[in-house]
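Here are my notes on the model, set out as numbered points. Please read them with the structure open.

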Amino acid sequence: MKIIHAANELKSSGRKVCLAIGFFDGVHLGHQQIIRQTLTDARQHDALALVVTFDRHPSSVVAPQRVPPLIYSLPQKLRVIGSLGADNLLLIHFDKPFSEQTGEDFIRGLTRDLGSMQSLCVGSNFTFGHKRGGNVALLKSLGETLRFTVHGMAAVSLDGKIVSSTRIRETIGAGDLDAASQMLGRAYSLAGQIVRGDRLGHELGFPTANIDASGLALPPHGVYVVRAEVGGRTHRAVVNIGSRPSVQNPTPQTRVEAHLLDFNADLYGQEMEITFQEKLRAEQKFPSLAALKEQITRDVAEAAKRF
């Protein structure tokens, strides 16, 4: 998938363009419907398909106090969109000047820079532009003027409830990862860069890769069996999510620490994606590091049986 950062970089060579626009956190079943409709339109009209998304949640700029934890990191989101068959993606840098642009100016700018739009596909409740002044009604009005078709896709329902990023975040936080996976259309996973920790795991004989999961929605604290993908390879692993209550720390923070069962090398700076299989146990406080080490030994042995 080719990623561009300005619409005029697409080089459509005179072909029309079909667009899917959204933040697409999680790229869930509803998002997939929007993107697939765009791909279908492009095939039918011999047009280019272009997914348009943003490099950060709009609330991080316009309402920082209301930024939700994200389901996917940006690299993870882009990978999944690419896996759906999208050939081109416009990644817009969402900043204050962009947030102050009216919805009409945004669409007219896209039309101008892309040359010719065939269709535009969004969710039926999609809002955009300064103070969220744009909606599907505005898009359809502009479509009549600028000659493009608008699809306002109805939400997808599962078990009688609408699939949404908000609902998926809630199921992740509640530990119902099977429900999250169903709404995502794939096994739930999280990804982040591996950062340096305090090497406590190494001292205990179980070196861990510390995943930077800041800003992401996380399952409940506990120990999980996962598959870890890093450097193009997949490894069996056990992951601890928690604040490490057995270790004295005046400012405890939630950490995501992965111990790979069959691999030990310097992975700092690389991205790791972990796909959850099952939960082994909840987070516990142990009376000593020796007791903690004994439990980790049992966790690793138990995890190895689950593959």
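1. In what order do the six strands close into a barrel, and is the pairing parallel or antiparallel? The order is β9-β10-β13-β12-β11-β14, and the strands pair in the antiparallel sense. On average, neighbouring strands of this sheet are turned by 45° against each other, direction ignored.

2. The model is predicted, and its confidence should be kept in mind for what follows. Mean pLDDT for the protein is 93, and 98% of the residues score at least 70. Among the elements, helix α8 (residues 177–184) has the highest mean pLDDT, 98, while helix α9 (residues 200–203) has the lowest, 65. I would read any detail at α9 with that value in view.

3. Some overall figures. The protein has 10 helices and 14 strands. Its C-alpha atoms fill a box of roughly 70 × 40 × 35 Å along the principal axes. Of the 307 residues, 47% are buried. Among contacts between residues at least 6 apart in sequence, 73% join residues at least 24 apart.

4. Back to the barrel, and one of its strand pairs. Strand β12 (residues 233–242) and strand β13 (residues 255–260) run antiparallel and are joined by six bridges. Within this pair, Ile241 stands opposite Val256 in β13. Helix α10 packs on the sheet, where α10 touches β11 (222–230), β12, β13 and β14, and its direction makes about 105° with that of β14.

5. Asp299 deserves a look, as a residue of that helix: its place is in α10 (residues 289–305). Is Asp299 buried or exposed? With a relative accessible area of 7%, Asp299 is under the 20% cut-off and therefore counts as buried. Its side chain makes a polar contact of 2.8 Å with the side chain of Arg281. Leaving aside neighbours within four places in sequence, Asp299 is in contact with Val223, Leu280 and Arg281.

6. There is also an open sheet of six strands, in the order β1-β4-β3-β2-β5-β6, and here the pairing is parallel. Why is one side of β1 (2–4) and one side of β6 left without a neighbour in the sheet? Both strands stand at the edges and each has a single partner strand, so one side of each stays unpaired within the sheet. Neighbouring strands of this sheet are turned by 20° against each other on average, direction ignored.

7. At the β1 edge, β1 pairs with strand β4 (residues 88–92) in the parallel sense over three bridges. Lys2 stands opposite Asn88 in β4.

8. At the other edge, His151 has its place in strand β6 (residues 149–153). Not counting residues up to four places away in sequence, His151 touches Gln37, Asp41, Ser119, Leu120, Cys121 and Val122. The C-alpha atoms of His151 and Gly123 are 8.0 Å apart, with their positions 28 residues apart along the chain.

9. Which strands does helix α3 (residues 74–83) lie across? In the barrel, α3 lies across β9 (189–195) and β14 (271–282), at about 100° to β14. In the open sheet, α3 lies across β1, β3 (48–54) and β4, running at about 160° to β3. Helix α5 (residues 103–114) lies across β2 (17–21), β3, β4 and β5, and runs at about 145° to β2.

10. Helix α1 (residues 29–44) has 16 residues and reaches 22 Å from its first C-alpha to its last, close to the 22 Å expected at 1.5 Å a residue. Its buried residues are Gly30, His31, Gln32, Ile34, Ile35, Thr38, Leu39, Asp41 and Ala42. Asp41, listed there as buried, is one of the residues touched by His151. Just after α1, Asp46 takes a positive phi of about 50°.

11. Two further residues have positive phi values. Arg132, a residue other than glycine, has phi near 55° and lies in the loop between β5 (117–123) and α6 (136–146). Asp159, also not a glycine, has phi near 55° and is found in the loop between β7 (157–158) and β8 (161–162). Why do both count as exposed? The cut-off is over 50% relative accessible area; Arg132 is exposed because its value is 64%, and Asp159 because its value is 65%.

Technical notes
Residues numbered from 1 in each chain as written. Predicted model: local features only at pLDDT ≥ 70, side-chain atom pairs only at ≥ 80, totals over all residues. Heavy atoms only, no water. Helix = DSSP H or I, 4+ residues; strand = E, 2+ residues; numbered from the N terminus. Buried < 20%, exposed > 50% of the residue type's maximum accessible area, 1.4 Å probe, protein only. Polar contact = N/O pair within 3.5 Å; in protein donor to acceptor, adjacent residues only side chain to side chain. Contact = heavy atoms within 4.5 Å. Expected span 1.5 Å × (residues − 1). Pairing = 2+ DSSP bridges. Axes fitted to C-alpha atoms, helices over the stretch in contact; angles between N-to-C directions. pLDDT = per-residue confidence, 0-100.
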